[in-house]
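The following exercises concern one protein chain. Each task is followed by a solution that proceeds step by step.

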Amino acid sequence: ARRAQDATEVLAQSGVAAPAIRPAGRNKPFDYMIVGAGFAGSVLAERLTTQLGKRVLLIDKRPHIGGNAYDEKDAAGVLMHRYGPHIFHTNSDEVSGYLSQFTKWRPYEHRVLASVKGGLLVPMPINRTTLNTLYGVDLRTDDDAEAFLASRAEPVEKIRTSEDVVISKVGRELYETFFRGYTRKQWGMDPSELDKSVTARVPTRTNDDDRYFTDKFQAMPAEGYTRMFESMLDQPGLTIELGVEYEDAREEAVYDRLIFTGPVDEYFDHRYGKLPYRSLAFRHETLDQEWFQPVGTVNYPEEATPYTRISEYKHLTGQSARRTTITYEYPRADGDPYYPVPRPENQALYKRYEALALETANVHFVGRLATYRYYNMDQVVGQALATFRRIAEREGRTIVA
Ligand code: FAD
Ligand code: UDP
């Protein structure tokens, strides 16, 4: 039988220096088993142990904590993200305040350039600089840019799809330059088949703000995400087992309640059919040069280029090193589930699983895969904190964040 490891041992095996963690012991039954050590599972593990004194077993099938936000130093000593670039941003004081208990921050505002017309680099989201560079015009004010876009925009009666959103704002030409090819690669389908919420994530600007996000809090965990997770999970009463599948753990572990953060359709053995999730292949490269590109991410919207974007971590982390590490993202259908695919038929199928989830006593479904929502990290943290509040209230405890 598999032996439970205390958190210290597990963190040591994950290749990161382990903090002193008291072993929880596994001979007692657990109050909760949590499946998935990403943001959803880790926030709940921390809250349940520290605020309600629960005994918690946290498992993950991967050999590390942090879920898709996991970062690590590569052979060149560059801090990189194994599952693609993760930039933290939020407007929620509750979320930034909560995470600030576990990390210091490095202020960082993400900037993205799009490589168009065979290599011209222009700001993305589209802003006044993008228009001036692309069209060789001299739009000087917001009003100028607004009028320019209005003259190209095509009226769309009811905005439903990811194509409608963009065409109605900037017209077909800019849509084709920046959105159509990228989206067709990223999702394996045309923007006209995807919910409007997907491309609506990327705004259009008439000013010259070239930041990717405008949230009031934008920063990277000063020593990386994995360190932040270690600090969050360094709690008495918490046992962590890595490299363990839920299928196996549920046979062995004794627990009262379950928190599941994996794909919801998998939990129910795909009873109503598979929920589509989009995957990516990552190509990580370390180059023998100090810098590769001028900003954190360059997007490649042209359909002929097989990847969607290249990110260079040193821009994000502020690390100095002689060499640099970059990641290419190649979208694909098979592989680890990374993105729920927002479109009406998938939402309808998810609703059937959600109904099953609601009727399943003593199990909570939390996170991007378990609630089939295209959530950023901060939204997952907010969702986990809300779940925790409901659990605490059910026990007659009022928790002040
Ligand atoms: P995950 O991090 O996916 O954690 C779920 C965990 O459950 C995984 O570790 C998995 O191994 C485990 N698990 C699943 N099934 C089982 C099972 N059966 N048994 C055991 N373990 C299981 N968000 C941002 O805010 N900013 C960004 O810049 C950003 N960039 C991103 C880039 C990419 C390429 C991707 C894919 C996502 C990005 N995100 C970003 C989103 C972010 O990754 C998610 O919001 C967040 O990681 C979701 O946390 P989670 O806990 O719900 O899921
Ligand atoms: N998108 C695009 N061109 C771009 C950037 C984004 O068409 O240059 C579309 C694409 O459909 C993408 C979506 O907008 O999937 C959301 O972009 P975001 O950068 O938020 O994607 P994520 O970081 O979540 O992969």
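**Exercise 1.** In which strand does His 89 lie? Describe also the surroundings of His 89.

*Solution.* The model is predicted; local features need pLDDT of at least 70, side-chain atom pairs count only at pLDDT 80 or more, and totals for chains, interfaces and linings use all residues. Residues are numbered from 1 along each chain as its sequence is written, and side-chain values use heavy atoms, with hydrogens and water left out.

Step 1. His 89 belongs to strand β5 (residues 89-90); strands are DSSP runs of E with at least two residues, helices are runs of H or I with at least four, and both are numbered from the N terminus.

Step 2. With a relative accessible area of 7%, His 89 is buried. Buried means under 20% relative accessible area, exposed over 50%, and partly exposed in between (1.4 Å probe, protein chains only).

Step 3. Residues up to four places away in sequence aside, His 89 touches Phe 213, Asp 215, Phe 217, Gln 218, Asn 376 and Asp 378, where contact means heavy atoms within 4.5 Å.

**Exercise 2.** Which side chains meet Arg 128 in a salt bridge?

*Solution.* Step 1. A salt bridge requires a side-chain nitrogen of Lys or Arg within 4 Å of a carboxyl oxygen of Asp or Glu.

Step 2. One partner is Asp 142, at 3.2 Å from N to O. Arg 128 is in helix α4 (residues 128-135) and Asp 142 in helix α5 (residues 142-152), 14 residues apart.

Step 3. The other is Asp 208, with the closest N and O atoms 3.9 Å apart. Asp 208 lies in the loop between α7 (196-199) and β9 (217-221) and Arg 128 in helix α4, so this pair ties together parts 80 residues apart in sequence.

Step 4. Arg 128 is buried at 13% relative accessibility, whereas Asp 142 is partly exposed at 34% and Asp 208 is partly exposed at 48%.

**Exercise 3.** How many residues does the contact take from domain 1 and from domain 2?

*Solution.* Step 1. An automatic or database domain assignment supplies the bounds: domain 1 (7-65 + 233-275 + 341-394), domain 2 (71-109 + 216-220 + 277-332) and domain 3 (128-199).

Step 2. The contact takes 21 residues from domain 1 and 16 residues from domain 2.

Step 3. Helix α13 gives the most to the side of domain 1 that touches domain 2, with six residues.

Step 4. The rule finds one salt bridge across this interface of domain 1 and domain 2.

Notes
Chains lettered and ligands numbered in written order.
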